[in-house]
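Colleague: Could you take me closely through the charged side chains of this model, and then set them against the rest of the fold? I would like one connected account.

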Amino acid sequence: MRVPGKSNKITCFTALLAAYDLTGVTVTADALHTQRAHIRFLAEEKKAHYLFVVKANQPELHRRLRSLPWKEVTARHYDREVGHGRKETRVTRAVTVAGPGLNLPHAAQAARILRHRTDLKTGTVSSQSVYAITYLTSHQTSPQRLGRLARPQWTIENRLHSVRDTTLREDASRIRTGHGPENMATLRNLAINTLRQHGQQHHRRPPARLLRALHPPAQLPRHRLISTSTRSQDFATALGLECGPPHRSVELLT
C-alpha cells in the first residue's frame, strides 16, 4: 500500500489490515506501530492478539520496560543456534504487566529478548536487548513461543527493511514526482530478488554497480522517472546503468 504524501506508515496500519479476519491471530509489527490506536484496533475491533516491539522512539515506555525486574524473572527460555558465520544465544524472559503500570491498553505481558552473538571468524562478542509487549497472557503463551513470534518479525526487519532503508537508502530518496517512487521501488525489488537468487546473504553489501543504479544523481532527467511507458533501455540509461543492446530491452512498467 502506498503511503500518502506528507505522511508515514502509521496512517496505513488499519487500512491495510481492515479487510482481513484476524480473530485469534497474533499480529507482529515494528516499533513504529506500537501505538495505542493500533492496539485498540486489533484487540477491540479485530479480536486479534499482538506482539509489538518497543524501542527508544517511545522513551518513557522503553524506560519502564527496561526498569522491570528482569533478573528476578523465572519464566525464561534459552535458544541457541549456529549459522551465517556466528553463534547466537537468545534468552527470552516474560513477565505479567496487567494493570496501569505501562499506561498501555490491552497489555498483558512484557518480554525481553537478550541476544548474545559470537563471530566465529573474529571471536567478537556482542549483545542486544529487545523489548516487546503483547496481549497474550501467561496462560496463553510461554516465553518460548514469544521468542518464536518475535523471530520472524526480526527477520523481516533484518533481511528486508534494513536492506531497503540502510543499504539501498530508500528513506533518503528525494524522488516524489509522478510514478518515480513506484519505479524506484520496482528496481529495489529487482535488486533484492537478484541478490537472493545468487545466494547473497542479507548481511552482505550488494555490488557497487547495483547501489549506483539505485542512487541516481541529483541532476536526473525527471521525465525519465515519471513516464509510465519507459523502456528498460531508456530507464537504465537515465539511471547511469550499463545495459545491453536496444533489441534486448523490454517494457519495465506499463
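Modeller: What follows starts with the salt bridges, moves to the arginines around them, and ends with the aromatic side chains and the confidence of the model.

This is a predicted model, and its protein chain contains 8 helices and 6 strands, which follow one another along the sequence in the pattern α-β-α-β-α-β-β-β-β-α-α-α-α-α. Of the 254 residues in the chain, 38% are buried. Among contacts between residues at least 6 apart in sequence, 57% join residues at least 24 apart.

The part to look at closely is the group of charged side chains that includes glutamate 88. Side chains of opposite charge can pair when their charged atoms come close. The structure holds 7 salt bridges, and a network of such bridges links Asp79, Glu81, Arg86, Glu88, Arg90 and Arg117. Within this network, glutamate 88 forms a salt bridge with arginine 90, with 2.4 Å between the closest N and O atoms, and glutamate 88 also meets the side chain of arginine 86 in a salt bridge, at 3.8 Å from N to O. Arginine 90 in turn forms a salt bridge with glutamate 81, where the closest N and O atoms are 3.5 Å apart.

How buried are these partners? Glutamate 88 has a relative accessible area of 2% and is therefore buried, since the cut-off for that class is under 20%. Arginine 90, at 8% relative accessibility, also counts as buried, and arginine 86 is buried with a relative accessible area of 19%. Glutamate 81, by contrast, counts as partly exposed, because its relative accessibility is 36%.

Arginine 151, in helix H4 (residues 143–167), touches this group of side chains: leaving aside its neighbours within four places in sequence, arginine 151 is in contact with Glu81, Glu88 and Arg90. Arginine 151 is partly exposed, with a relative accessible area of 24%. The C-alpha atoms of arginine 151 and threonine 28 are 10.0 Å apart in space, although the two residues are 123 apart in sequence.

Arginine 93, which sits in strand S4 (residues 86–96), offers a useful counterpoint. Arginine 93 is buried and yet has no salt bridge, and the nearest side chain of opposite charge, that of glutamate 72, is 11 Å away. The side chain of arginine 93 does, however, reach the backbone oxygen of tryptophan 70 at 3.4 Å. Apart from neighbours within four places in sequence, arginine 93 is in contact with Trp70, Val73, Ala75, Arg76, Tyr78, Ala110, Ala111 and Arg112.

Turning from the charged side chains to the aromatic ones, the structure holds 5 aromatic pairs. One of them joins phenylalanine 13 and phenylalanine 41 in an edge-to-face arrangement, with 6.4 Å from centre to centre and 80° between the planes. This pair links distant parts of the chain, as phenylalanine 13 belongs to helix H1 (residues 13–17) and phenylalanine 41 to helix H2, 28 residues apart. Phenylalanine 13 counts as buried at 8% relative accessibility, and phenylalanine 41 is buried too, with a relative accessible area of 7%. Phenylalanine 13 has a further pairing, with phenylalanine 52: the ring centres are 6.2 Å apart and the planes stand at 85°, so this pair is edge-to-face. Because phenylalanine 13 lies in helix H1 and phenylalanine 52 in strand S2 (residues 49–54), the pair ties together parts that are 39 residues apart in sequence. Phenylalanine 52 is buried, with a relative accessible area of 0%. Phe13, Phe41, Tyr50, Phe52 and Tyr135 form one aromatic cluster.

A last point concerns confidence. The protein chain averages a pLDDT of 76, and 69% of the residues score at least 70. Confidence is highest in helix H2 (residues 36–45), at a mean of 95, and lowest in helix H7 (residues 222–226), at 38. Over residues 217–233 the pLDDT stays under 50, and the model has 40 contacts beyond four places in sequence for that stretch. Over residues 238–254 the pLDDT likewise stays under 50, with 36 contacts beyond four places in sequence.

Conventions:
Residues numbered from 1 in each chain as written. Heavy atoms only, no water. Helix = DSSP H or I, 4+ residues; strand = E, 2+ residues; numbered from the N terminus. Buried < 20%, exposed > 50% of the residue type's maximum accessible area, 1.4 Å probe, protein only. Lys, Arg positive; Asp, Glu negative; His and termini not counted. Salt bridge = Lys/Arg side-chain N within 4 Å of Asp/Glu carboxyl O. Polar contact = N/O pair within 3.5 Å; in protein donor to acceptor, adjacent residues only side chain to side chain. Contact = heavy atoms within 4.5 Å. pLDDT = per-residue confidence, 0-100. Phe/Tyr/Trp six-rings, centres within 6.5 Å; stacked < 30°, edge-to-face > 60°.
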